[in-house]
Amino acid sequence: MDETEKIQVLSDLVAINTANDNEKEVAEYLQNLLSNHGIQSQMIKYSDTRYNLVAEIGSGKPVLAVSGHMDTVDAGDIKEWDTDPHKLTERDGNLYGLGAVDMKSGLAALVIAMIELHENNHPKSGTVRLLATIAEEVGEYGADQLTTQGYMDDADALLIGEPGGYNFVYTHMGSLDIKVTSEGKAAHSSMPDSGNNAIDHLLDFLSQANSQFKDTGKSDPVMGDFIFNVTTIKGGTQVNAIPGHAEAEINSRTLPEYTSDQVLSDIQSLVDKLNSANNDYHLSIKVIMKLNPVKAAKDSKLLKIAGEVAKDHTGLDVGKYGVAGTTDAAMFLRDKPDDFAFVMFGPGNDTPHQVNEYVNKEMYLKFIDMYKDIFVKYL
Ligand SMILES: [Zn+2]
């Protein structure tokens with residue numbers, strides 16, 4: 001493919017609105033593109049509008065799984081954008097558009113690398129398996145589904161093209177979202193004894209939870225401290241009524257040393273303690289989302305090869321890091337050992353989830369060449 005075609009693929013992907021839905025259109029586009037270059041693929045249905053896509057080049061072992069998500073976040077306030085978010089626009093060497101960096105460029109680069117290798121009769125041995133997912137931004141349902149259906153079972157390594165730029169991320173925190181509900185009894189505020197103040201009980205819980213979980217001493221040498229925050233709160237109906245209902249949401253960033261399941265169990269214990277110590281407390285929790293932390297080998301063959309390839313192409317000694325954010329690896333690696341080979345490496349910068357999101361054109365093109373080299377050297 002020449003440079004114009006490579007930009008056109010990204011432009012076509014950005015033109016398809018996949019804000020938290022409609023990945024079917026991107027899956028169909030990629031299926032068609034791959035098929036035009038002799039590569040078969042399967043659409044894996046999640047719902048009528050949401051399909052994952054799986055495609056392979058080569059055959060046999062080892063199997064290198066490569067992944068990108070097809071959804072984006074919402075465009076936000078359109079008036080804040082300097083350009084049309086669904087029209088890829090070049091300015092000063094950068095390509096602007098919704099999903100340009102997170103992560104339609106990474107996805108396009110993986111697909112184009114596979115096409116170019118296939119056309120040159122690579123790989124000679126082993127398999128590159130593309131796992132293009134739905135719903136990474138909310139829920140990681142696509143990665144969950146593909147893992148459940150066995151697409152990671154025989155994988156020897158995983159590369160995700162999320163937008164880290166010239167950095168290797170090999171470990172990241174998990175994420176646990178829970179809702180806490182406090183049920184009381186509504187009453188007129190002049191007769192508080194006939195009511196039961198749900199807000200007071202919720203506040204008691206939140207204050208104890210904050211003192212227990214804000215400073216647990218739980219820490220990871222690469223990613224740092226466990227993170228706990230109350231992020232939303234709602235309750236009551238009017239100023240002159242005792243509130244019968246209140247609720248709050250909590251987000252935690254979990255660690256291999258303090259997993260989502262352990263945190264959940266400790267929060268449940270606090271709820272149980274308060275409910276049993278106070279007859280009028282009716283607190284309960286519900287899990288909204290639970291993603292595992294990812295811990296992978298720092299010295300894997302995949303990371304070593306990626307380091308050599310990155311040095312060749314950029315001249316940089318690319319560092320290895322851990323991050324607080326989560327990726328589809330939380331699902332893909334849930335049954336894998338801690339020394340599994342994983343790297344997040346894709347065209348990136350600090351504009352994901354922001355208006356005027358862009359990817360640097362040169363970096364996008366360079367990643368296509370780096371992916372080709374990584375695939376061939378790894379297999
Ligand atoms: Zn992303």
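Quick ground rule before we click anything: a residue counts as buried when its relative accessible area is under 20%. Also keep in mind that this is a predicted model.

**Stop 1: the zinc ion.** Select the zinc ion and show the side chains around it. Its protein donors are H69 through NE2, D102 through OD and E162 through OE, at 1.9 to 2.1 Å. Along the chain these donors are spaced as H-x32-D-x59-E. Now colour D102 and E162: the pair sits 60 residues apart and joins distant parts of the chain, with D102 in helix α3 (residues 100-119) and E162 in the loop between β7 (157-160) and β8 (168-172).

Switch on a surface here. E162 has a relative accessible area of 7%, so it falls on the buried side of the cut-off. D102 is buried too, at 6%.

**Stop 2: helix α2.** Next, select residues 23-36, which make up α2. With 14 residues at 1.5 Å each, the helix should span 20 Å, and the 20 Å between its end C-alpha atoms agrees with that.

Which residues of α2 are buried? Pick E23, V26, A27, L30, L33 and L34. Turn the view to look down the axis: these buried residues fall within an arc of 130°, so they line one face of the helix. The general pattern helps here: an α-helix has 3.6 residues a turn, so residues three or four places apart point the same way.

What does that buried set pack against? Show α1 (3-15), β1 (41-47), β2 (50-59) and α3. Helix α3 is also where you found D102.

**Last stop: G38.** Step past the end of α2 to G38, which has a positive phi, near 80°.

How values were computed:
Residues numbered from 1 in each chain as written. Predicted model: local features only at pLDDT ≥ 70, side-chain atom pairs only at ≥ 80, totals over all residues. Heavy atoms only, no water. Donors = N, O, S within 2.8 Å, 3.2 Å for Na, K, Ca; no water. Helix = DSSP H or I, 4+ residues; strand = E, 2+ residues; numbered from the N terminus. Buried < 20%, exposed > 50% of the residue type's maximum accessible area, 1.4 Å probe, protein only. Expected span 1.5 Å × (residues − 1). Arc of directions from axis to C-beta. Contact = heavy atoms within 4.5 Å.
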